[in-house]
Amino acid sequence: MSKRDLKKYLGELDKEQLQEQLIELYEKFTAVKEYYDFVFNPKEEKRLQEAKLKISHEYFPVSAKGKSRKPKMRRSTAQKIIKHFITLGVDPFVTADVMLYTIEIAQTFSAENPIKQEAFYKSMQNSFEQVVQFLIVNGILSELKSRINGIYEEIIEQKWKNRSDFLLIMEQISE
């Protein structure tokens, strides 16, 4: 069904029928429920703190019953959260904060734990590139440039193997 056909169909429904359909969608589909829950009660600060906690547990897991757990370091966990924030329409500053935090917590971990997997560095490069593009598209690069610079300085400090790739990204935003 095209958007035009949908508009025509919805235009033919009276207010009560439209309400019934929306309530049915709300009850049937988790994504619809979550969207409306967010629209009417965004609680962005709470969502931000929950997201940061979940991401930090990827690198610094909380041990259960005194047993130490191995860090999973999955970028996909943060990517799911970021995608969800974008879909919901969370404030770009909040979304950017999560994106930047993802890299910063990974850097904190890598400062304490030598990482040999090339995939980790490539993954962080992709995250860095993604956040820079997000900041540019949303017109908030200048407000968060100091955090971008801080991340880059930490990359240099830790002597990441692909620091020259990060330099190329930094040169693009310095012009």
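**View 1. Salt bridges across the predicted model.** A search of the whole structure, which is a predicted model, turns up 7 salt bridges. Side chains of opposite charge can pair when their charged atoms come close. Among the residues to look for here are Lys-52, Asp-97, Glu-104 and Arg-147, which are joined into one network by salt bridges that share partners. The next three views take up individual pairs.

**View 2. Lys-33 and Asp-37, a pair within helix H3.** Here the side chains of Lys-33 and Asp-37 meet in a salt bridge, with an N to O distance of 3.0 Å. Helix H3 covers residues 30-40, and the two partners sit 4 residues apart in it, so about one helical turn separates them. How open to the surroundings is Lys-33, buried, exposed or in between? Lys-33 is partly exposed, because its relative accessible area is 35%. Asp-37 is likewise partly exposed, with a relative accessible area of 31%.

**View 3. Arg-74 and Glu-58, a link between a loop and a helix.** The closest N and O atoms of Arg-74 and Glu-58 are 2.7 Å apart, and the two residues form a salt bridge. This pair links distant parts of the chain: Arg-74 belongs to the loop between H4 and H5, Glu-58 belongs to helix H4, and they are 16 residues apart. Their surroundings are worth a look as well. Arg-74 counts as partly exposed at 39% relative accessibility, whereas Glu-58 is buried, with a relative accessible area of 7%.

**View 4. Lys-161 and Glu-118, a tie between a loop and helix H7.** The side chains of Lys-161 and Glu-118 meet in a salt bridge at 3.7 Å, N to O. Lys-161 lies in the loop between H8 and H9, while Glu-118 lies in helix H7 (residues 118-137), so the pair ties together parts that are 43 residues apart in sequence. Both Lys-161 and Glu-118 are exposed.

**View 5. Lys-159, a positive phi between H8 and H9.** Lys-159 is found in the loop between helix H8 (141-158) and helix H9 (163-174). What is the phi of Lys-159? It is positive, at about 55 degrees, although Lys-159 is not a glycine. Most residues other than glycine have a negative phi. Lys-159 counts as exposed, because its relative accessibility is 60% and the cut-off for exposed is over 50%.

**View 6. Met-73, a positive phi between H4 and H5.** Met-73 lies in the loop between helix H4 (44-59) and helix H5 (75-88). Though not a glycine, Met-73 has a positive phi of about 55 degrees. At 22% relative accessibility, Met-73 counts as partly exposed; the cut-off for buried is under 20%. For a sense of scale, pull back until Asp-5 comes into view: the C-alpha atoms of Met-73 and Asp-5 are separated by 45 Å, with their positions 68 residues apart along the chain. Asp-5 is part of helix H1 and is partly exposed, with a relative accessible area of 41%.

**View 7. Val-94, a buried residue in helix H6.** Val-94 is found in helix H6, which runs over residues 92-112. Why does Val-94 count as buried? Its relative accessibility is 14%, and buried means under 20%. Leaving aside residues up to four places away in sequence, Val-94 touches Glu-44, Leu-48 and Phe-85. Val-94 and Glu-44 are 50 residues apart in sequence, yet 7.4 Å apart in space, C-alpha to C-alpha.

**View 8. A nonpolar surface patch on H1 and H2.** Met-1, Leu-6, Tyr-9, Leu-10, Leu-18, Leu-22, Leu-25 and Phe-29 make a nonpolar patch of about 710 Å² on the surface. Helix H1 (3-12) and H2 each supply at least two residues of this patch. One of the residues to pick out is Leu-10, which lies in helix H1 and is partly exposed, with a relative accessible area of 30%.

**View 9. A patch of negative charge.** Which residues gather in a patch of negative charge on the surface? They are Asp-14, Glu-16, Glu-20, Glu-24 and Glu-27. Glu-24, a good place to start, sits in helix H2 (residues 15-28).

Notes:
Residues are numbered from 1 along each chain as its sequence is written. This is a predicted model: local features need pLDDT of at least 70, side-chain atom pairs count only at pLDDT 80 or more; totals for chains, interfaces and linings use all residues. Side-chain values use heavy atoms; hydrogens and water are left out. Patches are made of residues with over 30% relative accessible area and no salt bridge: like charges are joined within 9 Å, nonpolar side chains (Val, Leu, Ile, Met, Phe, Trp, Tyr) within 5 Å. Accessible areas come from the Shrake-Rupley method with a 1.4 Å probe; for residues, only the protein chains shown count as cover. A salt bridge is a side-chain nitrogen of Lys or Arg within 4 Å of a carboxyl oxygen of Asp or Glu. Lys and Arg count as positive and Asp and Glu as negative; His and the chain ends are not counted. The place of a charge is taken as NZ of Lys, CZ of Arg, CG of Asp or CD of Glu. Buried means under 20% relative accessible area, exposed over 50%, partly exposed in between (1.4 Å probe, protein chains only). Contact means heavy atoms within 4.5 Å.
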